[in-house]
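Biologist: Please take one part of this model and go through it closely. I would like the helix packing first, then whatever surrounds it.

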Amino acid sequence: MKIAVIDDERPARKMLIRRVKEVLPDCEITEAESGADALKMFNESDSFDLIFVDMDLGDMEGTTLAATAKRLFPGAKIVFATAYSQYAAKAYEMEIDDYILKPFDPERVHHVVKKCIGEGKRDPAGKMEEQEEKTEPAAAEKQGAEQGNAGVEERREATVFGKIPVTASRGILFLEIAQIVYAETDGHGCVVHTTSRSYEVNQLLGELEKKLADFGFFRIHKSYLINLSFISELFAGSGNGLSVHMKGYESRELPVGREKLKTLKQLLKIS
């Protein structure tokens, strides 16, 4: 059995590997310490049976990597690893197989692994079993559930209608996700450039990045979030690094941050 463990924190990564080995001592485990390393690992592997993905990898959102893994390895089971219970809602909404909380409880890890390999129990409706948080009070559980449910509803709207709600000066705009070319920071908000026009919105670029994480967008620079499907050219920029041109906005040079270049190349499958 081939298993991947992806986490940017080495102690957490090693602990999870140890817990998995307690259940499957003969399994083959490959590990990655970043989103870029994970993409390279995916390109070099034919298949995986089970993939553990940390929600916050530093260079990439765990949701983006999980969505990529689902496309590349449709038969693999995917499990989110996170320190925050509200991310369970994202796992459910993305149809991820399960999630585990940090610090890793041995019984919980054993249960999830056995369920993913077909030896665990699922409820009659086939829904993901909720992890019990023994140390948190009921009020904290309620708050986490409310935050998670709010995130699910927001993302579900974007998924169903193909639009993303953004706050502008005159109200809320609903932008077609497939028509967003790129977004850039502008003062206390940002400007969203679409195939037809540009919109000034009262939201931070980081907020847009989270909302669009599952739709092929990537933060190439602290000031720019791009739709990867609209890249027309990757070239040597006016500085010492590389830049991109976007379809419909070829007159604009968008620089790629040095710390983002490796991941961008992996996403574009450039060696």
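Modeller: This is a predicted model. Start with two helices, H2 (residues 35-43) and H3 (residues 62-72). They pack at an angle of about 5 degrees, and their axes are 11 Å apart. Angles under 35 degrees count as roughly parallel, so H2 is roughly parallel to H3.

Now the residues at that contact. H2 brings Gly35, Ala38, Leu39 and Phe42. H3 answers with Leu65, Thr68, Ala69 and Leu72. By class, the residues of this contact divide into six nonpolar, two polar and no charged.

Next, the buried side of H2. Its buried residues are Gly35, Ala36, Ala38, Leu39, Met41 and Phe42. These residues pack against E1, strand E2 (28-32), E3, H3 and H8. H3 is thus one of several partners listed for the buried residues of H2.

Gly35 deserves its own look. This glycine is in helix H2. Its relative accessible area is 0%, so Gly35 is buried. Setting aside neighbours within four places in sequence, Gly35 is in contact with Leu57, Asp59, Met60 and Leu65. Leu65 is also among the H3 residues met by H2. Gly35 and Asp54 are 19 residues apart along the chain, and their C-alpha atoms are separated by 9.5 Å.

Asp54 leads on to Asp7, which touches it. Asp7 is found in the loop between E1 and helix H1 (10-23). With a relative accessible area of 2%, Asp7 is buried. Its side chain reaches the backbone nitrogen of Glu9 at 2.8 Å. Not counting residues up to four places away in sequence, Asp7 touches Ala12, Arg13, Ala32, Glu33, Asp54, Leu57 and Lys102. Leu57 is in that set, and Leu57 is also a contact of Gly35.

Lys102, another residue touched by Asp7, sits at a backbone feature. A cis peptide bond joins Lys102 and Pro103, with omega about -10 degrees. Pro103 is placed in the loop between E5 and helix H5 (106-116).

Back to the packing, now as a core. In soluble globular proteins, nonpolar side chains tend to be buried together. Here the largest nonpolar core has 26 residues. Ile6, Phe42, Ile51, Leu65 and Phe80 have the most contacts inside it. The elements giving two or more residues to this core are strand E1 (2-6), H2, strand E3 (50-54), H3, strand E4 (77-82) and strand E5 (98-101). Both helices of the pair are on that list. Phe42 and Leu65 are also part of the contact of H2 with H3.

Ile51 shows how this core is connected. Apart from neighbours within four places in sequence, Ile51 is in contact with Ala4, Ile6, Phe42, Ala69, Phe73, Ala76, Lys77, Ile78 and Val79. Phe42 and Ala69 in that list also belong to the helix contact, Phe42 in H2 and Ala69 in H3. A second, separate core has 19 residues, including Leu50, Ala81, Val109 and Cys116.

For context, take the whole chain. The secondary structure comes to eight helices and 15 strands. Buried residues make up 48% of the 271 residues. Among contacts with a separation of 6 or more, residues 24 or more positions apart account for 54%.

A few sites elsewhere in the chain round this off. Lys211 lies in helix H7 (residues 205-211). This lysine has a relative accessible area of 15%, and the cut-off for buried is under 20%, so Lys211 is buried. A polar atom of its side chain lies 3.1 Å from the backbone oxygen of Pro165.

Lys269 is another lysine to check. It is found in the segment after helix H8 (258-267). Lys269 counts as exposed, at 61% relative accessibility. Its phi is positive, about 55 degrees, although Lys269 is not a glycine.

Last comes Ser196, in the loop between strand E9 (189-194) and strand E10 (198-201). Ser196 is exposed, with a relative accessible area of 59%. Ser196 and Gln179 are 17 residues apart along the chain, and their C-alpha atoms are separated by 8.0 Å.

Terms used
Residues are numbered from 1 along each chain as its sequence is written. This is a predicted model: local features need pLDDT of at least 70, side-chain atom pairs count only at pLDDT 80 or more; totals for chains, interfaces and linings use all residues. Side-chain values use heavy atoms; hydrogens and water are left out. Axes are lines fitted to C-alpha atoms, for helices over the stretch in contact, and angles run from 0 to 180 degrees between N-to-C directions. Helices (H or I, at least four residues) and strands (E, at least two) are DSSP runs, numbered from the N terminus. Angles under 35 degrees count as roughly parallel, over 145 as roughly antiparallel, 65 to 115 as roughly perpendicular and the rest as oblique. Contact means heavy atoms within 4.5 Å. Ala, Val, Leu, Ile, Met, Phe, Trp, Tyr, Cys and Pro count as nonpolar, Asp, Glu, Lys and Arg as charged, and the others, Gly among them, as polar. Buried means under 20% relative accessible area, exposed over 50%, partly exposed in between (1.4 Å probe, protein chains only). A polar contact is a pair of N or O atoms within 3.5 Å; within protein, one must be able to donate a hydrogen and the other to accept it, and residues adjacent in sequence count only if both atoms are side-chain atoms. A nonpolar core is a set of buried Ala, Val, Leu, Ile, Met, Phe, Trp, Tyr and Cys residues joined through side-chain atoms within 4.5 Å.
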